[in-house]
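The following note sets out several points on the model for a colleague's consideration. It begins with strand pairing and then turns to a helix and to the internal cavities.

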Amino acid sequence: MGKLSFLSMGMILFLCCCSAVAAVRTVPTGQGYSKYKDPSQPVYTRIRDLMQRMTLQEKIGQMTQIDHASVTPEILRDYSIGSVLSGGGSVPFPKAKARDWMDMVNSYQNGSLSSRLGIPIIYGIDAVHGHNNVYQATIFPHNVGLGATRDPDLVKRIGAATAREVRATGINYVFAPCIAVCRDPRWGRCYESYSEDPSVVQSMTSIIPGLQGELPAGGRKGVPYLGGNDKVLACAKHYVGDGGTTRGINENNTVADWHELLSIHMPGYYKAIIEGVSTIMVSYSSWNGVKMHANRFLVTDFLKNIMNFRGFVISDWAGIDKITTPAGANYTFSVQMGIGAGIDMVMVPFNHTVFIDTLTRLVKADVIPMSRIDDAVERILRVKFMMGLFENPLGDETFLSHLGSQEHRDLAREAVRKSLVLLKNGHEADPPVLPLAKNAPKILVAGTHANNLGYQCGGWTITWQGGSGNNLTSGTTILGAISKAVDLDTEVVFSENPDLDFVRSHNFSYAIVVVGELPYAETAGDSTNLTLAEPGGDIIEKVCGAVKCVVVVVSGRPVTIEPRVAQMDALVAAWLPGSQGEGVADVLFGDYGFTGKLPRTWFKTVDQLPMNVGDPHYDPLFPFGFGLTTEPTGVQ
């Protein structure tokens, strides 16, 4: 062998040093190195490395979501469960504070981290108008009211505020937004829809970057995204056509041709995917007789393959059970059809062992191919790695103070005043009634909904169906807001249901009558007559027949108000305003003007339904987009 020159020796030493440095960079020292735990590795590398290590049971565990009422840290550890949720009213204990929630979620997370592979859970919750399951959280107006604002930037800011409040409880995933296009107000979920108009619904997907963060410039469209530890995963729901069911019956059949499905019910999903929504929830409803939870064409072929959705698809609460009638009649068939359709994560939510065992048998019997399981798990892990869950699995205590913060309550108040729609303001020959004078000597406030925080928040507030009274959570009733808004010398008299003699004998300057619907959610809200809760109509008749009156309707949808409109001097649609009743007083008394526009057609009689803008023979009481305006008085 010939002698090496000094130059050659130097080159060899240089290359050896470079190789050593490269080795240090790519293969960290220490025992037990796993690529999937290394945040410097590309996401696809981490997914591949982790999936190669997983057993079939661990993969199916990742596809399972259990309600908190049925879970323990040990279950999460032993079954490698992928997600936990709190359904409506599923709380650590009544009136639990942010710290209590965070402690509970962290205890579950620690259970997951102690599993063989240490895969952290995603914790989900229905934060559909603020962090509405949690005591003392800010309760924003329901979506129907936000649709009336026509303000996508406001909705985006509400998304960001909601994300901070959710993070205050250690939770990282919300089942929102609902981007249903409600085509019939008889549907009990109509208030969860922004509008009957798909273009309005599509514009309100701005809440997604509010919840998840803005996609970075040049970022890939359609790929799940989370912009920081003050953001949460979003879930567009309910895919697809849930707002178009026959007669508005919840979970019923949507009869529509392909063009109608694409033009009415699908636009919100196009936009949501472009904005990086991380998950999509499947609807209980059917399309032309085929259950959406079993619809492989729409879930796999169209959503995943044609629209190129890269996040994961989740079922609704026990959604696969409802593939059969009655629900659960053939659970093996339901699991086969649901997973085969393309559902990646199943909200079980209670009997996780039955689901896991059933799916395991189907895979081992080659009824469901392993490729379908791997597709589901890859999507779930993509979201978990993308959101930095492996690096930051536990709740961040710095967010505790954000729950119900004054900044968020001020934002909710802004949303309330922008959501109100003025439908009538004085009789034709008379001057406008609104804005009202703050310095009137004596005013009457009446009605079932004037002094009831539960009623003004509606369903999905603390509990699934909502509740009644002023101890449900923290906030300001409409009565309380009126009392604070008027002059100190003005006497405010409240009588929920005054008799006619009482009204006539007190020489009131004017009356504000607040009536509406009782709280409800989902099927419990399906209605064939859409009437005001009793004795709302009688209160309007007695009060408005004796004194100048402003009627404020608190409801999740248009309701039957004829033939009483002629008796009213002014009429306001307040929808379900939430915890900050001050927003109602802000516009009644002229600190701000009315600007809201109807997100839905207001019918004359229920016999006209369904009736939507653009329909033949369109003959509403108040048309879609209607809304009178007022100018602020300048004294704020």
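1. Gln 65 stands opposite Met 347, a residue of β11. Strand β1, residues 64–67, pairs with β11 in the parallel sense over 2 bridges; two strands are taken to pair if DSSP finds at least two bridges between them. Helices (H or I, at least four residues) and strands (E, at least two) are DSSP runs numbered from the N terminus.

2. The basis of the values should be stated. This is a predicted model, in which local features need pLDDT of at least 70 and side-chain atom pairs count only at pLDDT 80 or more, while totals for chains, interfaces and linings use all residues. Residues are numbered from 1 along each chain as its sequence is written, and side-chain values use heavy atoms, with hydrogens and water left out.

3. The β1–β11 pair belongs to an open sheet of 5 strands with parallel pairing, in the order β4-β3-β2-β1-β11. Its edge strands are β4 (173–174) and β11, each of which pairs on one side only.

4. In helix α13 (residues 331–341), the buried residues (under 20% relative accessible area, 1.4 Å probe, protein chains only) are Tyr 331, Ser 334, Val 335, Gly 338, Ile 339 and Ala 341. They lie on the same side of α13 because they cover an arc of only 160 degrees around the axis, taken from the directions from the helix axis to the C-beta atoms. These buried residues pack against α12 (296–306), β11 (346–347), α14 (352–364) and α15 (370–386), with contact meaning heavy atoms within 4.5 Å. Gly 342, which follows α13, has a positive phi near 120 degrees.

5. There are 4 cavities of 30 Å³ or more in the structure. A cavity is a set of points on a 1 Å grid over the protein atoms alone where a 1.4 Å probe fits but cannot get out, and lining residues have an atom within 4 Å of a point. Points are joined across faces, edges and corners, and a volume is the space filled by probe spheres set on them.

6. The largest cavity has a volume of about 130 Å³. Of its 18 lining residues, Ala 127, Val 128, His 129, Asn 143 and Ile 207 lie nearest the centre. Helices α6 (143–149), α7 (152–167) and α9 (207–212) each supply at least two residues of this lining.

7. The second largest cavity holds about 60 Å³ of space. Its lining includes Trp 187, Arg 189, His 238, Asp 242 and Glu 251.

Definitions and conventions:
On a 1 Å grid over the protein atoms alone, a cavity is a set of points where a 1.4 Å probe fits but cannot get out, and a pocket is an open set with protein on both sides within 12 Å along at least five of seven lines; lining residues have an atom within 4 Å of a point. Buried means under 20% relative accessible area, exposed over 50%, partly exposed in between (1.4 Å probe, protein chains only).
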